[in-house]
Amino acid sequence: MGIGQNMLAGAALLALGCGPALAQQVTGTTGSPGATTTIEGKQLPPPDPKFGGVIQERASDSRPWWAPRIVPPKGAPNVLLIMTDDQGFGAPSTFGGVIPTPAMDRIANQGLRFTNFHSTSLCSPTRAALITGRNHHSVGFGVVGEIATGFPGYDSIIPIEKGTVGTILKENGYATSWFGKDHNTPSYQSSQAGPFNQWPTGMGFDYFYGFVGGDASQWQPNLFRNTTAIYPFEGKPGWNMETAMADEAIQHIKQLKEIAPGKPWLVYYVPGATHAPHHPTPEWIKKISDMHLFDDGWNKLRETIFANQKRLGIMPQNAQLTPWPKGLPEWESLGLEEKKLFIKQADVYGAYLAYADNEIGRVIQAVEDLGELDNTLIIYIGGDNGASAEGMINGTPNEFTTFNGVPVPVKDQFLWYPFWGSERTFPHFAAGWAWAMDTPFKWVKQVPSHFGGTAQGMVMSWPGHINDVGGIRRQFHHVIDIVPTILEASGIPAPDAINGIEQRPIEGVSMMYTWDKANTDAPTKHTTQYFEMLGNRAIYQDGWVAATTPATLPWELSTATPPDVITGYNWELYNVQNDPTQFNDLAAKMPEKLKQMQDLFYSEAKKYNVLPLDNSTLARWNAPRPDLTAGRTEFSYAGELTGVPKSAAPSILNKSYTITTEVEIPDGGAEGMIVTEGGRFGGYGLFLSKGDFGVGRGKVVFLYNLLDLKRTMWEGPELEPGKHTIVFDFKSDGPGLGKGGTGVLSVDGKEVATNVLEHGTPVTFPEDETFDIGLDTRTGVALLEYRYDTPFKFTGKIDKLTFNLQ
């Protein structure tokens with residue numbers, strides 16, 4: 001290369017943001033089509049380089065020049081970032097549990113177990129922290145997105161100045177993808193109208209295959225490919241998202257290997273397991289049930305897990321098993337019927353975890369089969385928070401009974417016992433199992449003050465780079481430390497600016513220092529960490545934890561007024577360096593140390609957008625948000641429309657309303673769904689009946705499904721060919737949550753049915769279902785009477801459909 005070409009190449013590299021030190025990472029001849037280069041990475045995307053060729057009047061006298069393709073630094077690994085859901089520290093075999101998790105065991109045996117790794121205690125906050133490397137309040141996720149409020153720490157919007165690991169790696173030449181749960185798109189931005197900048201594809205991930213929201217049926221999920229709803233389960237009995245998602249990820253990785261074999265990738269793999277609904281396949285339910293892992297109950301289970309943890313070195317020998325709480329029943333106090341039901345619940349949960357781990361194992365094996373295992377950093381986090389007690393004291397066949405504050409008695413749950421875990425259920429286990437799955441700690445999901453809510457078993461491997469294979473690390477770390485670990489491993493710096501927006505510093509620290517065997521007992525580099533969720537809070541510093549005593553119970557959705565968020569809480573104090581399970585409360589003995597820690601918490605709270613503190617729950621669920629329906633009382637539609645999330649649909653909850661539709665019925669009659677929201681586990685539908693063997697087809701029906709516990713129907717006549725007007729008018733007995741009322745169904749100006757709805761749904765219809773017009777996606781609202789198969793397309797024509805809300 002001549003002097004002139006060297007100068008042109010240097011100018012081009014500087015334009016790409018590369019300093020002289022990185023010039024050695026150019027491959028090929030600069031300006032040729034095959035040339036590549038790394039970038040400094042401080043400004044993303046880098047500015048376009050200046051043209052380095054020669055332009056004369058004739059092409060024959062000119063010289064073309066191509067900008068070098070951007071690639072990561074040499075040796076940058078693929079990254080397989082895995083996180084399950086609601087798992088609990090003591091659930092998997094890798095961390096002393098009785099549920100077999102051989103895929104997690106495999107990564108632990110090829111790398112390291114981390115026994116002092118922490119989450120935020122709730123789903124979407126942990127996920128926001130994980131992909132940004134910042135604390136959850138710093139990125140707008142002080143709580144789950146469903147209860148977002150209008151404060152910077154709680155609005156469920158990841159700020160532009162806090163870019164994700166997807167964006168950083170993508171702009172540095174990685175292929176990036178996201179599989180599974182997306183709980184970081186604001187609920188009020190999750191419709192077909194967008195905006196899409198807070199969807200995975202807008203947050204730096206080239207490809208998304210998964211569901212949007214807190215949970216989803218694994219049999220009929222609200223599934224998306226990028227931003228388009230898809231329904232691959234239709235007409236495929238036995239289809240399950242755990243397997244489908246693994247298949248999709250395997251094919252994606254294979255495709256990348258074959259098309260761009262030298263291009264590193266980031267695969268963010270986050271299944272819905274083991275968040276409710278617990279939906280394993282029948283084969284896995286049988287396999288785990290036959291092992292009788294839970295027959296002795298939750299108290300004995302804790303003792304077994306704790307003994308395993310000491311045997312494996314997960315817990316030091318001086319650790320103490322925390323006491324069983326007074327708010328949950330002892331196993332031996334239960335009756336035979338209760339024990340039978342609860343064992344079934346645990347078997348299905350165990351099957352779900354084992355099944356999910358098996359599918360994760362298939363993805364890992366595919367990486368090895370493609371010859372990429374040695375080039376891949378695998379991080380596998382066991383859960384985004386502690387095990388969930390949201391099944392309430394007795395568990396539930398339908399998780400949405402919990403979210404609506406409706407407990408289901410044990411004897412009633414036996415109606416669902418034979419098919420627990422199937423598509424006929426949306427199940428969750430009893431709260432006692434959650435406490436047991438968090439062994440040896442106190443408390444559960446939602447509780448950030450105690451490690452039962454935040455301790456996550458985590459394993460990490462990268463062959464040839466971790467030199468203490470099978471080792472255990474006890475350094476305190478937090479989910480915000482994953483992004484800086486990935487960046488250090490890949491040799492990519494955190495950017496100063498993304499899309500022209502100055503970036504705020506990443507708040508976590510890299511964990512790579514722990515990989516060296518010489519650093520087995522090195523002091524942690526993560527010395528201070530606050531925790532806060534729903535007003536409950538804690539602060540960690542240098543082996544000490546100060547924590548509030550939870551004032552409300554995670555297994556009770558109460559409308560009672562909570563205590564004052566500042567003065568209404570007692571504080572506890574622990575030296576977790578010597579007392580890793582938070583067994584011995586030192587608050588009374590060390591008031592000065594406690595005061596110092598409390599002051600530190602408020603200092604950190606001001607720094608990271610934690611204020612204002614808010615310990616309300618139900619009130620925040622129903623708080624106004626800037627969704628597409630705000631302030632609207634009339635909605636008008638025509639024809640067909642499907643997949644509209646509740647945030648963009650007319651809400652009939654806790655109010656009077658009128659639904660009016662003008663339809664045309666063809667010769668021979670019609671059937672099908674006119675309008676619906678929800679499905680099998682709660683919702684409503686206005687439709688023309690399918691009938692049986694041609695009898696009763698085309699009858700007008702309005703059906704209200706109260707949480708799969710009771711269905712109330714209004715029935716009208718069969719519609720003759722021609723134009724008709726159907727009106728359903730409901731007068732609520734409110735105001736107040738869950739009030740009933742009286743509904744009147746009219747056809748062509750004539751009242752045809754009047755019925756009383758005893759109770760309405762107080763808080764929410766199933767969030768994985770949608771508002772549909774002209775057909776019914778996923779599951780149907782009817783069960784036996786007027787049952788139909790989805791999509792139950794309307795075979796007439798909907799000229800106009802209006803909702804008037806009062």
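Where in the chain is Val610 found? Val610 sits in the loop between α14, residues 591-607, and α15, residues 618-621. I will come back to that loop. One caution before the rest: what you see is a predicted model.

Let me start with the whole chain. There are 15 helices and 33 strands in the chain. Its C-alpha trace spans about 90 × 85 × 50 Å along the principal axes. For 806 residues, a compact globule would have a radius of gyration near 28 Å, and the chain has 28 Å, so the two agree. Of those 806 residues, 62% count as buried.

Next, contacts. Take contacts between residues at least 6 apart in sequence: 74% of them join residues at least 24 apart.

On the surface, the chain exposes about 29800 Å², and carbon and sulfur atoms supply 53% of that area. As for charge, there are 64 positive and 86 negative side chains. The centres of these two sets lie 3 Å apart.

Now some helices. Helix α8 runs over residues 336-369, which is 34 residues. From its first C-alpha to its last, α8 reaches 49 Å, close to the 50 Å expected at 1.5 Å a residue. Is α8 mostly covered or mostly uncovered? Mostly covered: 25 of the 34 residues in α8 are buried. Just after α8 comes Gly371, with a positive phi of about 75°.

Helix α5, residues 241-259, gets the same length check. Its 19 residues should span 27 Å at 1.5 Å a residue, and the end C-alpha atoms are 26 Å apart, so α5 agrees with the expectation. Among the buried residues of α5 are Met241, Met245, His252 and Leu256. Glu242 and Glu248 are also on that list. What do the buried residues of α5 pack against? They pack against β7, β8, β9, β11 and α8.

Helix α2, residues 102-110, has Ala103, Met104, Arg106, Ile107 and Ala108 buried. In general, an α-helix has 3.6 residues a turn, so residues three or four places apart point the same way. The buried residues of α2 pack against β5, α8, β12 and β13. So far, α8 has come up as a partner of α5 and of α2.

From β13 I pick one residue, Ser461, which lies in that strand. Why does Ser461 count as buried? Because its relative accessible area is 1%, and the cut-off for buried is under 20%. Leaving aside neighbours within four places in sequence, Ser461 is in contact with Ile107, Gln110, Gly111, Thr376, Leu377, Ile378 and Ile466. Ile107 is one of the buried residues of α2. Ile378 is 83 residues from Ser461 along the chain, and their C-alpha atoms are separated by 5.3 Å.

Now the backbone. As a rule, most residues other than glycine have a negative phi, and most peptide bonds are trans. Which peptide bonds should you look at here? One is the bond from Ala276 to Pro277, which is cis, with omega near 5°. Pro277 is in the loop between β11, residues 265-270, and α6, residues 282-289. Another cis bond joins Thr439 and Pro440, with omega about 10°. Pro440 lies in the loop between α11, residues 431-437, and α12, residues 451-454.

For positive phi, take Asp542. Asp542 is not a glycine, yet its phi is about 50°. This residue lies in the loop between β19, residues 536-541, and β20, residues 544-548. Asp542 counts as exposed because its relative accessibility is 52%, and the cut-off for exposed is over 50%.

That brings me back to the loop between α14 and α15, where Asn609 is also found. Asn609 has a positive phi near 65° and is not a glycine. At 29% relative accessibility, Asn609 counts as partly exposed.

Is Val610 buried or exposed? Val610 is buried, because its relative accessible area is 0%. Apart from neighbours within four places in sequence, Val610 is in contact with His137, Tyr154, Tyr530, Glu532, Phe601 and Ala605. Trp433 is 177 residues from Val610 along the chain, and their C-alpha atoms are separated by 31 Å.

To close, find Asn609 and Val610 on the model: Asn609 is partly exposed, whereas Val610 is buried.

Definitions and conventions:
Residues numbered from 1 in each chain as written. Predicted model: local features only at pLDDT ≥ 70, side-chain atom pairs only at ≥ 80, totals over all residues. Heavy atoms only, no water. Helix = DSSP H or I, 4+ residues; strand = E, 2+ residues; numbered from the N terminus. Rg over C-alpha atoms; globule rule 2.2 N^0.38 Å. Buried < 20%, exposed > 50% of the residue type's maximum accessible area, 1.4 Å probe, protein only. Contact = heavy atoms within 4.5 Å. Areas by Shrake-Rupley, 256 points an atom, 1.4 Å probe, with all protein chains shown as cover. Lys, Arg positive; Asp, Glu negative; His and termini not counted. Charge placed at Lys NZ, Arg CZ, Asp CG, Glu CD. Expected span 1.5 Å × (residues − 1).
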